[in-house]
Amino acid sequence: MPPKLLIQLVRFGWTTLWRIMMSKLAPRDTSGAYIRPESEFRSQSVSAAPGRYRLFVGLGCPWAHRTLVTRALKGLEDIISVSIVIPSPENGGWILEKPELGCTTLADLYRRAKPGYQGRSTVPVLWDCETNTIVNNESSEIIIILNSAFNEFAKHPELDLYPEALQPEIDSWNEKIYHAVNNGVYRCGFAQTQAAYETACRELFTMLDTIDETLSTRRYLCGDTLTLADVRLFTTLFRFDVVYYSLFKCSIRRIQDYDHLSVYLNDFYQLPGVAETCDLESVKRDYYGNLFPLNPGGIIPLSAQNL
């Protein structure tokens, strides 16, 4: 073991730097609990036309993944194009895989939409190529837009992922799952006190237990009908065992340990077009390789296919 004084000095220095980095990565309240900032571009008005709109997404991001899944389920691949952004640990933000619109970073794109913009530059982004601006950067609203606004051009217009009759039930599931699961895994991983972590972790697994029990008698959250509530849950479950279980300390159980959630996850993955939106290697690279405060060594775990 290193000498006691060295341990104390390193611990003090690392803890101080960790808190500084975490304050930028994950804003907290006075209890040390993670507070997710609100999205700022919230228009839901689009003039649907082939080629007019583009999605900017990061393949590792669960919020962006929602939009890719919805786009695939509705059959909008030929109508709405996609640009990929990649997290840069050196720059502390997203960079465009290929420069577009005179932009090399996502922050550049935000400033192109709103000169002087100083806020967070996040994915997904629904971009209007005609007016050169951001329509919306809130994933929960973008998937509603994708579900209904482009039906005249969709390959699967008959698929309504947000049917009016089920909207109260969908909204109820979304509210509970967002707090405890979608954002809950981040509340675990980004917690800055033991108490905040334990609260988030208990809420997470209580809700996963509830969902697992619900799925014992139905295929989807709202019965036999696939909805946006399932889309929003799927992208978190897809990342859970590989990333959240270990890196975010969501370590009470894996999804594969649940009788019904594991079947549900596999069933959803096999829906037409969904597997093509899933890139587990990008997920691992983006989380383990770029969240420096949680994984200072940047070591990315191997999968079976790496052997």
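Begin by selecting Arg187, which counts as buried at 12% relative accessibility, where buried means under 20% relative accessible area, exposed over 50% and partly exposed in between (1.4 Å probe, protein chains only). The model is a predicted one, in which local features need pLDDT of at least 70 and side-chain atom pairs count only at pLDDT 80 or more, while totals for chains, interfaces and linings use all residues. Residues are numbered from 1 along each chain as its sequence is written, and side-chain values use heavy atoms, with hydrogens and water left out.

Arg187 lies in helix H6; helices (H or I, at least four residues) and strands (E, at least two) are DSSP runs, numbered from the N terminus. If you leave aside the neighbours within four places in sequence, Arg187 is in contact (heavy atoms within 4.5 Å) with Tyr34, His179, Ala180, Thr199, Ala200 and Glu203.

Next, select helix H7, residues 194–214, whose 21 residues reach 30 Å from the first C-alpha to the last. This is close to the 30 Å expected at 1.5 Å a residue, the expected span being 1.5 Å times one less than the number of residues. Among the buried residues of H7 are Tyr197, Ala200, Phe205 and Leu208, and the buried residues of this helix pack against H5, H6, H8 and H9.

Now add H9 to the selection and look at how the axes of H7 and H9 come within 7 Å and cross at roughly 75°. Axes are lines fitted to C-alpha atoms, for helices over the stretch in contact, and angles run from 0 to 180 degrees between N-to-C directions. H7 is therefore roughly perpendicular to H9, since angles under 35 degrees count as roughly parallel, over 145 as roughly antiparallel, 65 to 115 as roughly perpendicular and the rest as oblique. Here Leu208, Ile211 and Asp212 in H7 meet Asp259, His260 and Leu261 in H9.

Move on to H8 and H10 (residues 280–290), which pack at an angle of about 50° with their axes 10 Å apart, and are therefore oblique to each other. To show the contact, select Phe238, Arg239, Val242, Val243 and Tyr244 of H8 together with Leu280, Val283, Lys284, Tyr287 and Tyr288 of H10.

Finally, visit three places in the loops. Pro124, between helix H3 and strand E5, follows a cis peptide bond from Val123, with omega near 5°. Asn132, in the loop between E5 and E6, has a positive phi of about 55° although it is not a glycine. Lys249, in the loop between H8 and H9, has phi near 60° and counts as partly exposed at 43% relative accessibility.
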